[in-house]
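Work through the exercises below with the sequence and the structure open beside you, and try each task before you read its solution.

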Amino acid sequence: MGNVLRLLYAHCCKPATTAGPHGVSVATVGVSALAHDIFQFENTSQVPEGLSEHVVSSKKAQANWYRKLGEAWREAKPPPKTPEEASRLVIQTLKRHQKADVEGLLAFYGLPLPHTLVEVSAGVPTSVPAGVKFELQTLPVDAKAIADGDTVTVYVSTADPRESACVPRDVKTAAVQRSKARAAKNYAKADALHKQIIDAGYRVINLQNDEEILARKYRIRLRGIDAPESKMPYGKEAKEELSKLVQGKCLRVLVYDEDRYGRCVGDIYSNGKFVQEIMLKKGFAWHYLAYDQRQELAKWENEARAKRVGLWASSNPEKPWEWRKDKREGR
């Protein structure tokens with residue numbers, strides 16, 4: 001048994017108290033569930049219970065898959081960490097096997113199916129594109145900061161040279177007084193001062209090492225796309241996809257404009273990936289042609305339409321801008 005699988009099993013696959021779709025903990029479903037079952041197979045030679053309900057081949061064939069997957073996982077450098085990486089490893093390892101078996105195995109673990117995987121073509125620009133008014137380098141994005149599939153709230157440290165020059169004097173004063181109040185354990189006063197800071201568009205953020213940072217708040221509207229609203233079909237899925245892309249990440253945001261709601265309209269890059277490209281290719285957003293005529297956005301939308309992924313699985317998905325108009329007019 002390879003160390004990679006041992007570590008993943010030890011840290012992610014604790015004994016379960018709540019059963020998931022194939023008898024392991026709900027918390028282990030996905031990448032760690034697959035590692036758990038490979039680990040178990042190498043110790044017991046038994047494939048997981050319930051797998052036969054998802055695939056067409058015999059248990060003897062299934063055992064062969066887990067032998068191959070165990071070898072592939074140990075050889076992978078680095079090993080899979082995301083659902084997409086695990087899905088690609090399964091697809092590559094079992095590429096000569098029946099399509100129904102490969103897709104059934106992926107579905108069993110809740111991993112992305114082959115037609116939903118996307119190749120990202122647009123990396124971070126090497127130079128600032130024309131039209132960019134300013135650039136933001138954000139602090140890690142909080143899970144609660146994602147409003148829907150095309151809007152996210154970010155914070156930028158006031159230590160950033162662009163920010164440090166324009167922090168209001170009363171915000172600086174309140175931050176210093178709050179720190180003193182907390183040191184004196186006067187938490188009521190500290191909370192009141194923090195509310196003043198928040199009302200001014202800033203926040204004191206605690207990092208993992210207990211360091212506190214004064215940061216400025218920005219609401220970002222993803223440029224060129226329009227995701228389904230929360231109450232529309234695929235609205236929840238669009239928000240979840242955006243959360244997966246940005247949660248916990250430090251983002252690079254290229255801001256082009258400001259909309260009528262005071263949001264910065266910009267392109268977002270997360271771990272070197274262009275977020276709008278992924279949202280379009282996975283079918284969780286429309287190309288917002290009325291506000292952005294970039295041909296690559298139309299191309300990525302058309303790719304998702306052709307694959308019938310995400311919202312394009314519906315025969316006639318409603319356009320979010322039309323849905324909003326109907327709501328405004330009471331229809």
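**Exercise 1.** Into which domains is the protein divided?

*Solution.* Keep in mind from the start that this is a predicted model. Going along the chain, we come to domain 1, which covers residues 26-119, and then to domain 2, which covers residues 134-329. As a next step, we locate the C-alpha centres of domain 1 and domain 2, and these lie 34 Å apart.

**Exercise 2.** Describe how domain 1 and domain 2 touch each other.

*Solution.* We begin with the residues in contact, of which domain 1 supplies 6 and domain 2 also supplies 6. The area buried between domain 1 and domain 2 comes to about 530 Å², with carbon and sulfur atoms giving 52% of it. Turning to polar links, we find 3 residue pairs in polar contact between the two domains. Sorted by class, the side of domain 1 that touches domain 2 holds 2 nonpolar, 2 polar and 2 charged residues.

**Exercise 3.** Find the salt bridge between the domains and justify the assignment.

*Solution.* The count between domain 1 and domain 2 is 1 salt bridge. Lys282 and Glu84 form a salt bridge, and their closest N and O atoms are 3.1 Å apart. The pair qualifies because the nitrogen of a Lys side chain must lie within 4 Å of a carboxyl oxygen of Glu, and the distance here is 3.1 Å.

**Exercise 4.** Summarise the protein as a whole.

*Solution.* The secondary structure consists of 12 helices and 10 strands, while the C-alpha trace spans about 70 × 50 × 45 Å along its principal axes. Finally, 45% of the 331 residues count as buried.

How values were computed. Residues numbered from 1 in each chain as written. Predicted model: local features only at pLDDT ≥ 70, side-chain atom pairs only at ≥ 80, totals over all residues. Heavy atoms only, no water. Domains from an automatic or database assignment. Contact = heavy atoms within 4.5 Å. Buried area = accessible area lost by both parts, 1.4 Å probe. Polar contact = N/O pair within 3.5 Å; in protein donor to acceptor, adjacent residues only side chain to side chain. Nonpolar A, V, L, I, M, F, W, Y, C, P; charged D, E, K, R; others polar. Helix = DSSP H or I, 4+ residues; strand = E, 2+ residues; numbered from the N terminus. Buried < 20%, exposed > 50% of the residue type's maximum accessible area, 1.4 Å probe, protein only.
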